[in-house]
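Grab a coffee and open the viewer next to this page. Below are a few exercises, each with a solution worked out in steps.

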Amino acid sequence: MSDENRTVSLHPEFLKRMQKMLGDEYESFIKSYELPRTYGLRVNTSKISVEEFREMAPFPITPIPWIENGFFYPEDVRPSRCAAYQAGLYYLQEPSAMTPASCLPVEEGEYVLDLCAAPGGKATALGDALHGTGLLVANDISASRAKALLRNLELFGISNAFVTSETPDRLADTFPEFFHKILLDAPCSGEGMFRKEESLAKDWTPEKSHELSLLQRELILQATDMLRPGGMLLYSTCTFAPEEDEGTVSYLLDNRPNMELIEIPHKDGFSSGVPEWGNNDPELSRCIRLFPHKLNGEGHFMALFRKSGACSTRQPATSVKENKETRKWLELFFHEIGLCTLGGQPFCWDRIETRKDKVYYLPPVNSNFRGLNFLRNGLYLGDLKKNRFEPSQPLALALHKDDVEAVISLPFDDERLTRYLKGETLMIEPDEAAHKKGWHLLCAEGYPLGFGKLVNQTLKNKYPAGWRV
């Protein structure tokens, strides 16, 4: 859809409602549909600092004013084709959509839930904030979408995630008052995406907001029941519809008196919620609205809640019965590559679990997750083969600079990186490898891409077929 014709697809009832909502700002709002959409990325600060990324960025970037680790990039750039993307150094995300996770103050060691997490933009941001500590439960009710979610968490190197594909009510039964922080980016009518996706605009009907608001109200109550006293819940949508935004917030406040709205710091371009669009509670002005005519983004709504009461203590670290055979082969592999830490954290042998021939590194949480439909619990380390351990791609991406000693690091502009990502073998000069032979971690400027095995200056490619580009 051309920039000039975007408004043609907008439903007359949508335009009528927006004109009533915005008043004198309506014309500016409509003109924003004639502007090009914006493209953004968010830096993975667990792997690289914002300053370091600025210096190495292989394409033009401009800071997103309201996101500390966010950048705009030009439309004609293809960031997903860069080795830096395959190393998990950044996530591609619409700038407005970065905002909710940035407004939820996650602290290391906390238990965090992203209830509707696919495809993973907000979950990777929450995992980044945890820095490998605590627990991230990332859920999506759709199994196919949950697979994409898992892939993005693995690409980002998140080692402490429990990835589920469950109904919210099943999760609520398993995790009563369990989480310190919860993000609910609820399914919505998507009005803030009309400029980006023409199909959403064409499918919109006046009845859609009401239908979705019923689902949102069910979800937000279930999320609240999983929040521990003293914990925080961030509710967000990518729609402008009052019934789904202030209306849902009002519903929660009316039905859960132990939940209070708290302030989200205002930044340039942020608008306050409107009490008249909910139950006239003046506290609704603490909500935040993002409009495309006020900042370079598509649009979003956010509300931050705190549950009354003192936050209970955190649970102890998990303890798994040790498998001596697994440890034997893992230790040999770790010795070969010179493992010092995993993701900058000391390695804990009590967190190893072997299921059949697959080895996992569990999150540092003592809890019973049985009965839930999950895709992954913790980090998939690799497979036990006959008399050896074969490392996984998620393990390679969970490693940070200086975690291992057996490294082959090539410049970002080295064409061998592209060949490696395609699955080809590489010729390695003697001074480029830490050891003369054996397992090595191939890196781009020190940032891990994947494993390979060096034999006679030839690096046998261990980059999995399903990850190749």
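**Exercise 1. The second largest pocket**

How many residues line the second largest pocket, and which lie nearest its centre?

*Solution.* Keep in mind that you're looking at a predicted model.

Step 1: Start with the count. The lining of the second largest pocket is made of 19 residues.

Step 2: Go to the middle. Nearest the centre you'll find Glu68, Asn69, Ala101, Ser102 and Ala129.

Step 3: Check which helices take part. Helix H5 (99–102) and H6 each supply at least two lining residues, and H6 gives the most, with 4 residues.

Step 4: Sort the lining by class. You get 11 nonpolar, 4 polar and 4 charged residues. The space in this pocket comes to about 400 Å³.

**Exercise 2. The largest pocket**

Describe the largest pocket: its volume, its centre and its lining.

*Solution.*

Step 1: The volume is about 1,000 Å³.

Step 2: Of the 46 lining residues, Ala118, Pro119, Lys122, Arg145 and Asp185 are the closest to the centre.

Step 3: Now look for elements that give two or more residues to this lining. They are strand E4 (90–92), helix H6 (121–130), helix H8 (168–174) and helix H10 (208–225). H10 has the largest share, at 4 residues.

Step 4: By class, the lining splits into 22 nonpolar, 12 polar and 12 charged residues.

**Exercise 3. A histidine and its partners**

Is His300 buried or exposed? Work out what its side chain touches, too.

*Solution.*

Step 1: Place the residue. His300 sits in strand E13 (residues 300–307).

Step 2: Apply the cut-off. Buried means under 20% relative accessible area; His300 has 3%, so it is buried.

Step 3: Follow the side chain. The His300 side chain makes a polar contact with the side chain of Asp185 at 3.4 Å. You've met Asp185 already, among the residues closest to the centre of the largest pocket. The His300 side chain also reaches the backbone oxygen of Thr237, at 3.4 Å.

**Exercise 4. Hunting for disulfides**

How many disulfides does the structure hold? Explain the case of Cys103.

*Solution.*

Step 1: The count is 0.

Step 2: Take Cys103. Its closest cysteine sulfur is in Cys287, 12 Å away, so the two are too far apart for a bond. For scale, the cut-off for a disulfide is within 2.5 Å.

Step 3: Try Cys443. This cysteine is in no disulfide either, with the nearest cysteine sulfur, that of Cys340, 13 Å off.

Step 4: Check burial. Cys103 counts as buried at 15% relative accessibility, Cys443 at 2% and Cys287 at 0%.

Step 5: Locate Cys287. It lies in the loop between strand E11 (270–272) and strand E12 (288–290). Asp245 is 42 residues from Cys287 in sequence, yet their C-alpha atoms are 8.9 Å apart in space.

**Exercise 5. Reading a sheet**

Which strands are the edges of the sheet with the order E19-E21-E22-E23-E20?

*Solution.*

Step 1: This is an open sheet of 5 strands, and its pairing is mixed.

Step 2: Strand E19 (407–410) and strand E20 (426–427) are the edges, since each pairs on one side only.

Step 3: Zoom in on one pair. Strand E22 (residues 447–455) and strand E23 (residues 458–461) run antiparallel, paired over 4 bridges. One bridge to look up: Val455 has Thr458, in E23, as its partner.

How values were computed
Residues numbered from 1 in each chain as written. Predicted model: local features only at pLDDT ≥ 70, side-chain atom pairs only at ≥ 80, totals over all residues. Heavy atoms only, no water. Buried < 20%, exposed > 50% of the residue type's maximum accessible area, 1.4 Å probe, protein only. 1 Å grid on protein atoms, 1.4 Å probe; cavity = no way out; pocket = protein on both sides within 12 Å on 5 of 7 lines; lining within 4 Å. Points joined across faces, edges and corners; volume = space filled by probe spheres on them. Nonpolar A, V, L, I, M, F, W, Y, C, P; charged D, E, K, R; others polar. Pairing = 2+ DSSP bridges. Polar contact = N/O pair within 3.5 Å; in protein donor to acceptor, adjacent residues only side chain to side chain.
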